[in-house]
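Biologist: Could you take a close look at one part of this model for me, the aromatic pairs and the helix contact beside them? Walk me through it in one go, please.

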Amino acid sequence: MAQPAVSLTDENLFGQPITLTNCDREPIHIPGLVQPYGFVLCLDEASKQIVQVSDNVEAHVGISVDQLLGKGLERLLNPAQMAEVSQLWPTLTEAAKLLGVRLDYVAGKPLFKLILHRYDGLVWLEFEPVADKEATPLDLAALNATLSQMLTASTVLEFCQHAVEEVRALTGFARVGMYRFAPDESGEMIAESKRDDLDPLLGLHYPASDIPQQARAMYLKNWLRFIPDVDYSPAPLVPVRNPSTGRPPDMTYAVLRSVSPIHIQYLKNMGVAATMTISVIQDGRLWGMIMCHHDSPRLVSYELREMCLFIGKTFSALLGTKEQLEQHAYQLRIQQAQVRLFEQVSHQANFLEGLYKQHTTLLDVFDCGGAAILFEGELITLGNTPTDSEIRELAAWLKVRAPQDVFHTDSYARLNPAGRPLRATASGILAITLAQEPGDYIFWFRPERLQTVNWAGKNEKVEKMEDGQVFLSPRQSFAAWSQEVENTALAWQPLELEAAKELRLHIADVRLKIFNELQTRAASLSRLNTELSRSNDELDSFAYVASHDLKEPLRGIHNYSVFLLEDYAELLDEEGVSKLQTLVRLSQRMESLIDSLLMMSRVGRLDLELQPINLNQVVAEVCELLQPRLEQTNTTVEVRHPLPTIMADPTRLSEVFNNLISNALKYNDKPEKLVVIGEAPAGKVGPRGAINPADYYVFYVQDNGIGIDARHYESIFRIFKRLHAQDKFGGGTGAGLAIARKMIEKHDGELWVESVVGQGATFYFSIPKPT
């Protein structure tokens, strides 16, 4: 049987004073009021007559409410405009339609944005005034750049930062932040772009009560809310109730809908004078909001608001993929550590030594502070752990109180008071049994994470006196305060628990059946890695197909632009010719970017053809290919000492050397340029840590060029990232280093840079030695 709908509001409160005692039931969808920066007409669907008008209409057009009620739109619109509205009328839904209209029948013939939608038995016409000089250019290049940044963002936080920076650039708000909801419906500002003189809100938390449930429900329907001036006096609808229904109309989708007085007071207490919010919706739930604040009134045009809404909806559509990629990266890291651990265990006569004596240990499987193995009375510890006696007491407690195969907690002290002395090393515990009989365990420990949650003002309702009476008002103080959570560690993630189960299945009953069990689980891991590999292949294939299909329309744009220049240049003025030339140049630039993207996707999809190759021969062939450029740029290439023969893909390694040597030529302003190639001495440290010379070769390509600032060491390897203007140092797409790094990573190596600005750069890369 269907469950009755849950009402989040009390419509009996319509027209009643709203305070903090009843605001959680406020019927915000039927305020009967509008923001006065525009005016509203409500038309009956059947008769097309005006049945409700906001009473500020006379202030905008000099026509009274009485002169409009019961009339048609012809009182304001000319026949051509009436024809446009009539054409839209049958297609109107909750989604807004936009027309630009000049009211020729009104003194001064003012220009308005006319926003139309249909809802609750009415056709809504909202008029926003427009200055004649107002221009609303659509900066497609900037929007394209923003979408490219969002697509290539490697983490969710980076993804959020690109979104808030672009919304602020478009609108000019003093502060734009990404506000994410937690499972308990509180919120946190996780990304922020702001004016330098403003205090940061990044990292602040807000209680769930700041945004009532009925507001959250409305945010799922109406993606964008805008208040250009919080000090407005709302204009009521006249009459306030729809004559046909006898109740106030539902204004959920009205752009000019007046907002709750509690919300207005809340904004004033924050020092906010204008605001815009855009919903971020994932799988039908409110994930968060893009919040825009300004400290003075700010009217943002409807077109710019729609562009920001486009960014918000694009962000929402891509968010799930970003979260999955971030989760997959961590899952893959855990699985790779597991695979290495399993291999070590299977090749050791004593399986315990495979868990802690080799290159990969139990500490590498999860993010933790320490680990321990208790097996047949023997205790082995790694990292920061409780004392031996405390670990044995823990094992005894688990044997009695938690005999399950996998145990986990983020607060052992909450379960056992004896755990309080352990909190510095073991507030969080993950344990798996090693035998059918309890008593043998592997432990992972996480230290207490004294969580300091910065709340934006205490979650309290503040009472104040007015005219001798006590009134409740929103929270007055926005100074941060801390809520400390003791005896608590970072919670164990579901994928970590699954990985722990996987590990247990590989070493349970090890004394009798370790070989068969390891073999079975290795096959299972192989399938998981194959699925992850296939998923990555599908992503690369998508990039390949998308880039390939973009080339045809782009080629058409380029060709038609050239035709226009050839056939009509004499008909255009200098500015027109310049714009067409710019269009040709931009289309050529875009084609280069697409070619780079295609190359990047091919690298991800290729299979390496490993074979013994003499690096001296590879470098000689690359230098021979580059000889004309070497002579032209007065460049000398030196190979320090003979290079070894290694196992690698000769074609891909040639491309890496070609890219690194070409960059050394390009980014060099010295009259005599020098490129040095050699094998690095032992002891180099790469991005993943110290490199074992027994496992890897490390090579370098060094130049005496302009160098690279340390803060750009990672960003230069991002696709399409350029540190210089396109017309400097020979141009380029900014994809070469990203492709080179991906080729080295396909070999299971690393590529990184060390440099001093003005003194050149040294690019290092590692290649595994044959086992």
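Modeller: Sure, starting with the whole chain: 47% of its 771 residues count as buried, meaning under 20% relative accessible area with a 1.4 Å probe and protein chains only (exposed is over 50%, partly exposed in between). This is a predicted model, with local features needing pLDDT of at least 70 and side-chain atom pairs counting only at pLDDT 80 or more, while totals for chains, interfaces and linings use all residues. Residues are numbered from 1 along each chain as its sequence is written, and side-chain values use heavy atoms, leaving out hydrogens and water.

The chain has 18 helices and 31 strands, taken as DSSP runs numbered from the N terminus (helices are H or I with at least four residues, strands E with at least two).

Now the rings. Searching the whole structure turns up 20 aromatic pairs; rings of Phe, Tyr and Trp (its six-membered ring) pair if their centres lie within 6.5 Å, and planes under 30 degrees apart are stacked, over 60 edge-to-face, the rest tilted. Take Phe 717 and Phe 763, an edge-to-face pair at 6.3 Å centre to centre with 80° between the planes. Phe 717 is in the loop between strand S29 (696-703) and helix H18 (736-746) and Phe 763 is in strand S31 (residues 761-768), so the pair ties together parts 46 residues apart in sequence. Phe 717 counts as buried at 7% relative accessibility, and Phe 763 is buried too, at 6%.

Phe 717 also has a charge over its ring: the charged end of Arg 741 sits there, 3.9 Å from the centre. The cut-offs for that are NZ of Lys or CZ of Arg within 6 Å of the ring centre and within 35 degrees of the ring normal. Elsewhere, ring pairs link Phe 657, Tyr 697, Phe 699 and Phe 765 into a cluster.

As for the helix contact, the axes of H17 (residues 650-666) and H18 come within 9 Å and cross at roughly 145°. Those axes are lines fitted to C-alpha atoms over the stretch in contact, with angles from 0 to 180 degrees between N-to-C directions. On the H17 side you'll find residues including Leu 653, Val 656 and Leu 660, which meet H18 residues, among them Leu 737, Ala 740 and Met 743; contact here means heavy atoms within 4.5 Å. The residues of this H17 and H18 contact split into seven nonpolar, three polar and two charged, where nonpolar is Ala, Val, Leu, Ile, Met, Phe, Trp, Tyr, Cys and Pro, charged is Asp, Glu, Lys and Arg, and the others, Gly among them, are polar.
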